[in-house]
Amino acid sequence: MTTTICSTTIPESSSLAADTALVRQHLAKVAPPRVIDAGQVADYKDRIKRLLKDKDAVLVAHYYTDALLQELAEETGGVVSDSLEMARFGRDATASTLVVAGVRFMGETACILSPDKKVLMPTLEATCSLDLACPADAFRAFCDEHPDRTVVVYANTSAAVKARADWVVTSSIAVDVVDHLHALGEKIIWAPDKHLGAYIQKCTGADMLLWDGACIVHEEFKAKGLLDMRALYPDAAILAHPESPEAVLAIADVIGSTTQIINAAVGMKNQTFIVATDKGIFYKLQQLAPEKTFIIAPTAGNDATCRSCAHCPWMAMNSLERLYNTLLTGNNRSVVDRELAQKAMIPLQRMLDFSHRNKLKLAGKA
Ligand code: 13P
Ligand code: SF4
């Protein structure tokens with residue numbers, strides 16, 4: 001069954017309530033990271049630094065992970081970045097082991113792009129509500145119903161979903177890729193994030209069929225709360241990740257991936273920013289623009305209790321202690337079946353090649 005919203009058709013895969021229940025069920029099985037004191041933090045950091053060297057490993061961390069992990073990645077020659085750069089950095093790294101602090105799809109992407117490297121993660125339990133909302137079997141069946149469409153999937157998906165796609169994109173490149181495909185006259189299937197899909201459709205005018213998934217973190221940002229907050233800080237700019245709902249994006253001054261949000265905050269003249277994305281990003285925002293003020297966008301309105309409170313429960317599973325244990329034992333290895341990885345590599349490589357060509361074009365070298 002499908003629902004038509006404007007010119008966009010959405011398969012009714014799952015309701016937000018069902019998605020939330022699924023996420024809660026998953027989270028209930030996983031113990032939260034143990035709280036440790038300053039002495040233990042320093043001790044773990046020292047040990048991890050030694051282990052990274054001994055094991056020829058490099059740390060690849062997402063902006064949403066704990067500030068301690070981001071700090072450690074920077075101090076040890078690793079990277080803190082958005083998901084596109086994580087993929088690229090991991091592929092190009094010379095270390096034989098990549099330790100990916102983030103969520104499952106990021107580890108899988110590293111495995112696919114670097115089949116000869118060992119990929120470890122502080123936890124293998126950290127998935128993503130978008131990944132959960134897009135089971136591969138249902139997605140394949142949906143694609144098979146529309147053989148005339150080019151299949152473009154968000155990086156926040158399983159290797160099996162990527163293997164069914166023509167293109168994989170991250171939020172920093174999604175609009176450019178779909179724009180390119182639209183210019184070639186291609187009609188698109190997009191999965192799984194319906195808000196990002198609707199945003200891309202609005203930017204490009206492409207004919208897109210959208211899967212009905214949403215991120216439990218960004219879904220909670222509310223336009224009303226944002227407007228109330230902007231009334232308190234009239235000079236503040238609103239920065240939003242495109243996984244946020246349409247009403248939030250409609251009042252945002254800048255919409256972009258995590259890196260694009262950071263670049264905007266650094267480059268804009270405003271002194272105050274209201275930020276509609278995971279609050280893990282504040283580590284990098286404060287580091288790069290220490291003189292500016294960053295406020296987290298309100299979630300779920302005044303009377304409601306937020307479920308995620310602007311912090312991804314999956315990213316929060318990555319802790320210093322878990323990172324140490326993983327490095328020490330070699331446990332939590334991310335593995336993707338070789339045949340599946342070879343199939344998923346094709347749309348991922350397309351994205352990386354496209355991004356490379358775009359960069360050359362921007363630099364006037366192509
Ligand atoms: P970025 O690619 O912008 O880092 O986004 C990843 C993500 O999971 C956002 O919720
Ligand atoms: Fe997935 Fe949302 Fe967490 Fe990003 S913030 S990893 S989209 S659940």
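Reader: Where is the place of Ile 281?
Author: The model is a predicted one. In it, strand 13 covers 272-276 and helix 14 covers 282-288. Ile 281 lies in the loop between strand 13 and helix 14.

Reader: Is Ile 281 buried or exposed?
Author: A residue counts as buried if 20 or more other C-beta atoms lie within 10 Å of its own. Ile 281 has 25 such atoms within 10 Å, so Ile 281 is buried.

Reader: What distance separates the C-alpha atoms of Ile 281 and Tyr 64?
Author: Leaving aside neighbours within four places in sequence, the residues in contact with Ile 281 include Tyr 63, Tyr 64 and Val 275. Tyr 64 is 217 residues away from Ile 281 along the chain. The C-alpha atoms of the two are separated by 5.5 Å.

Reader: To which strand does the bridge partner of Ala 61 belong?
Author: Strand 3 spans residues 57-62 and pairs with strand 4 in the parallel sense over three bridges. The bridge partner of Ala 61 is Val 80, and Val 80 belongs to strand 4.

Reader: Which strands stand at the edges of the sheet with the order 4-3-5-6?
Author: This is an open sheet of four strands with parallel pairing. Two of its strands have a single partner strand each, so one side of each is left without a neighbour in the sheet. They are strand 4 (79-81) and strand 6 (118-120). From one strand to the next, the twist averages 20°.

Reader: How many bridges pair strand 3 and strand 5?
Author: Strand 3 and strand 5 pair in the parallel sense. Ala 57 stands opposite Thr 97 in strand 5. The number of bridges between strand 3 and strand 5 is five.

Reader: What is the bridge partner of Val 99 in strand 6?
Author: Strand 5 and strand 6 run parallel and are joined by three bridges. Leaving aside neighbours within four places in sequence, Val 99 is in contact with several residues, among them Leu 59, Leu 120 and Leu 323. The bridge partner of Val 99 in strand 6 is Leu 120.

Reader: How many residues of strand 5 are buried?
Author: Strand 5 has five residues and is mostly covered. Helix 5 (residues 104-113) lies across strand 3, strand 5 and strand 6, running at about 160° to strand 5. The buried residues of strand 5 number four.

Reader: Which element gives the most to the largest nonpolar core?
Author: The largest nonpolar core has 106 residues. Val 99, Val 152, Val 169 and Trp 190 have the most contacts inside it. With six residues, the element that gives the most to this core is helix 5.

Reader: Which strands stand at the edges of the sheet with the order 12-11-13-14?
Author: This open sheet has four strands and parallel pairing. Each edge strand has a single partner strand, so one side of each is without a neighbour in the sheet. The edge strands are strand 12 (254-255) and strand 14 (293-296).

Reader: What angle does helix 11 make with strand 13?
Author: Four bridges join strand 11 (residues 237-240) to strand 13, and the two run parallel. Leu 239 stands opposite Val 275 in strand 13. Helix 11 (residues 223-232) packs on this sheet and touches strand 11, strand 13 and strand 14. Its direction makes an angle with that of strand 13 of about 170°.

Reader: How many residues of the shell around ligand 2 are nonpolar?
Author: Ligand 2 is surrounded by 13 residues, and the closest include Cys 128, Cys 215 and Cys 312. Two residues of the shell are polar and two are charged. The nonpolar residues number nine.

Note on methods
Residues are numbered from 1 along each chain as its sequence is written. Chains are lettered from A and ligands numbered from 1 in the order in which they are written. This is a predicted model: local features need pLDDT of at least 70, side-chain atom pairs count only at pLDDT 80 or more; totals for chains, interfaces and linings use all residues. A residue is buried if 20 or more other C-beta atoms lie within 10 Å of its own, exposed if 12 or fewer, and partly exposed in between; C-beta atoms are placed from the backbone. Two residues are in contact if their C-beta atoms, placed from the backbone, lie within 7 Å. Two strands pair if DSSP finds at least two bridges between them. Axes are lines fitted to C-alpha atoms, for helices over the stretch in contact, and angles run from 0 to 180 degrees between N-to-C directions. A nonpolar core is a set of buried Ala, Val, Leu, Ile, Met, Phe, Trp, Tyr and Cys residues joined through C-beta atoms within 7 Å. A residue is near a molecule or strand if its C-beta atom, placed from the backbone, lies within 6 Å of it. Ala, Val, Leu, Ile, Met, Phe, Trp, Tyr, Cys and Pro count as nonpolar, Asp, Glu, Lys and Arg as charged, and the others, Gly among them, as polar.
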